[in-house]
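Here's a quick briefing on how the chains meet and what sits enclosed inside. Have the structure open as you read.

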Amino acid sequence: MINFFNQFGSQLIFKTWQHIYISGISLGLGVIVAIPLGVVLTRYKRISGFVIGLASVLQTIPAMALLAMMIPIFGIGAKPAIVALFIYSLLPILRNTYLGMENVDPTLRDAAKGMGMSNFQSIMRVELPLAAPVIMAGVRLSATYVIAWTALASYIGAGGLGDFIFNGLNLYRSDLILGGSIPVIILALVVDFLLGRLELLLTPKTTEEG
Amino acid sequence: MMTKRMKRVIKLFLPLVALVVTLSGCSLPGLGGTSDDTVRIAAQNTTEQQIMAAIIQGMIKHYSNLDTTVINNLGSATVSFQAQKNDEADLTAIRFNGTDYQTILKKSATKDPKVIATTVKRDFQKKYHMTYFPSYGFADTYQFMVTQKYAKEHNLNTVSDLKKTAPQMQVGIDQIWMNRKADGYGAFQKAYGFSFGHVYPMQIGLVYNALASNKMDAILGYSTDGRIGSYNLKLLKDDKQFFPPYQASVVANDKALKRNPQLRPILKRLDGKIPLKTMQRLNYQVDNNLQEPATVANKFLKDNNYFEGGQN
Amino acid sequence: MQNMNIFQQLFYYFAHNGMYVLSQFDRHFLISIYGVVFAAIVGIPIGIFIAKHRKLSGWVIGIANVIQTVPSLAMLSLIMLALGLGVNTVIVTVFLYALLPIIKNTYTGMLNVNADVLDAGKGMGMTRVQILRLIEIPLSLSVIMAGIRNALVLAIGITAIGSFVGAGGLGDIIIRGTNATNGGAIILAGALPTALMAIISDSVLGFFERKFDPTNKTSQ
């Protein structure tokens, strides 16, 4: 144990940072794109069914297959990994944003209109805050996926904690396998826990206002 | 009432229990799990390993009723060795005696091929109860390679010629060379008296690509690879004879050979049957012609009539 | 080969290695199915049990949730350290990940059964086992099916990773493609069938899910 930290301590910090960095960018991009897209979809009912359906189908594609398909297009390294992970993170967020917005009580939307709010104001002040917990649940699910698949992305040269795991598998070194697996599990659980708290934090506030 | 209810509970769960018991038995149907008459072949993640695994599989199917399964994609000789030692695999498709001499037996006393061959055969038998079969007929060795263009520009023919450009060079290597003792990077630096600017350990299958697309200046490849031909790579002569040739053989657990006595004569049929040129050709078909190792192996066996009669 | 575009290469590949792809497809599907079947055998009774003993439900679902959060590559490698290389390790990993959707959905399905219907059953003098067999399970079958559907899609993805511990399956083709010169076509030859298997399994089980839905009149 101490041996491992002596030998790989600085690497461990670096790989963990890489892991957080890749997951963070992918998830961040996913949030930036998926939430507005989900909101827009609620205003265009005709295509929403199709888009959500497509998103659900895409989500069933195994990550390993999706990551591999990026290689012929983008080559190897962090870039194709981020693209693939970004696509993956889109889907749960998009779906949950759409569902969250749809579930907002229509009378509240009417009330907002009645108060003279514009469409944009209604979304920002009424609908999004009410849908926040559901959206957060989507973000949380995406975060779990992205952290898990980032470990896998090491295989296409993205770096991150998966490097330890793959090296361990390649050399039959249990210290490397444990040194990669345990931090990545802790990372996943901590992020899930924090986002779970955030989800809870958002929930009572909206019920008070609603 | 109570007994009736219990009977019903039992009735409900009995089929489930029965199902679990049958399915979790020794071998799951269709997957050739761990039953006694399944030969488990370990293969690493190189083309050559996977071709040989498929050849062995084809031979066993042709000459016996034994089931076979391939434990594929293992990352290094250490992993396949561990798999055999832990009885997760019965044999490894290819082991190189020079590699085993260093990484498994942890010896570095000599680079004499004869001493290595006898030591490895003897020690594997004694220490691990594994049989090192006679060589397939080809040896593999590490070889420095550059593109023809780079060789011309810097006037390169031997490894020693690299000395001048070495500090600026980016060199792609496999994932274990850095940590090897007698023929690893450390010993190399001592023997040749120079080191490279950067070395990049990577998946061995990727180094040839990296060289051909000019992402690397030189690579340390394997002499049997089919891509040497397809990329027309320049091989640099190992003028200090630093890298010994490593004879390739199949290595099987004695336990498995005892359990299935048909196995030994089948494996012996491959003795000396695959010379270097043949291995290069088979590798080439997989690496360049979009054929699976299994496809290439089956065709090869059919073309050679499964080495019928050629038993020594 | 170099003068063909990637789709011609793909076609050429399937023409020459069709049998091999098919055998890996089979293997891949079998590994996934075994894991999910074991998970169903264990998970459905657990789901029923915690629906009857709700105090336990928080704990059991919590543990299954934690398992779900663990990155699959990490889980696979850890189980490999315990069980060794090969197919059994992958089946156990698939089993663990398939548990949560199955337990959770069985539990939800059981809880959603209308209390009036249960009372009616009791009123007719049914035993607990009869109620379970004739009312609760049929009524929650659709929800349980949805869980199995999620589990199978997950399983197909995890089996693809299983190639890293030597289990074989379509992941083998993908990995070989990543190692090969201009392996784009080989990668697709492994990745497309994997994606297809997931999508088809999803829609077929989705069909059964709707069929078992008690509110779906066409199935009655």
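What follows covers two interfaces and the cavities. Keep in mind that this is a predicted model. Chain C touches both of the other chains discussed here: about 2700 Å² is buried between chain A and chain C, and about 3500 Å² between chain C and chain B. There's also some enclosed space to look at, with 5 cavities of 30 Å³ or more in the whole structure.

**Chain A against chain C**

- Carbon and sulfur atoms give 88% of the area buried between these two chains.
- On the chain A side, T60(A), M64(A) and Y155(A) supply 21% of the area that chain A buries against chain C, more than any other three residues.
- The contact draws on 29 residues from chain A and 35 residues from chain C.
- Polar links are scarce in the count: 0 salt bridges turn up across this interface, along with 1 residue pair in polar contact (both at pLDDT 80 or more).
- Helices α2 (45-60), α3 (63-74), α6 (119-153), α7 (162-171) and α8 (174-209) of chain A each give two or more residues to the side that touches chain C, and α8(A) gives the most, with 9 residues.
- Sorted by class, that side of chain A has 24 nonpolar, 4 polar and 1 charged residues.

**Chain C against chain B**

- Here 40 residues from chain C meet 43 residues from chain B, and carbon and sulfur atoms give 61% of the buried area.
- The interface has 1 salt bridge, which joins the side chains of E292(B) and R176(C) at 3.1 Å, N to O.
- On top of that, look for 10 residue pairs in polar contact (both at pLDDT 80 or more).
- On the chain C side, α1 (6-52), α4 (87-111), α6 (128-161), α7 (170-179) and α8 (184-212) each bring two or more residues to the contact with chain B.
- The largest share of that side, 14 residues, comes from α1(C).
- By class, the chain C side splits into 23 nonpolar, 13 polar and 4 charged residues.

**Cavities**

- The largest cavity comes in at a volume of about 370 Å³.
- It's lined by 25 residues, and the closest to its centre are Q44(B), F96(B), D174(B), I176(B) and Y222(B).
- Elements giving two or more residues to this lining are α2 (47-63), β3 (91-96) and α4 (97-104) of chain B, and β3(B) gives the most, with 3 residues.
- The lining of the largest cavity is a mix of 9 nonpolar, 10 polar and 6 charged residues.

Note on methods
Residues numbered from 1 in each chain as written. Chains lettered and ligands numbered in written order. Predicted model: local features only at pLDDT ≥ 70, side-chain atom pairs only at ≥ 80, totals over all residues. Heavy atoms only, no water. Contact = heavy atoms within 4.5 Å. Buried area = accessible area lost by both parts, 1.4 Å probe. Salt bridge = Lys/Arg side-chain N within 4 Å of Asp/Glu carboxyl O. Polar contact = N/O pair within 3.5 Å; in protein donor to acceptor, adjacent residues only side chain to side chain. Helix = DSSP H or I, 4+ residues; strand = E, 2+ residues; numbered from the N terminus. Nonpolar A, V, L, I, M, F, W, Y, C, P; charged D, E, K, R; others polar. 1 Å grid on protein atoms, 1.4 Å probe; cavity = no way out; pocket = protein on both sides within 12 Å on 5 of 7 lines; lining within 4 Å. Points joined across faces, edges and corners; volume = space filled by probe spheres on them.
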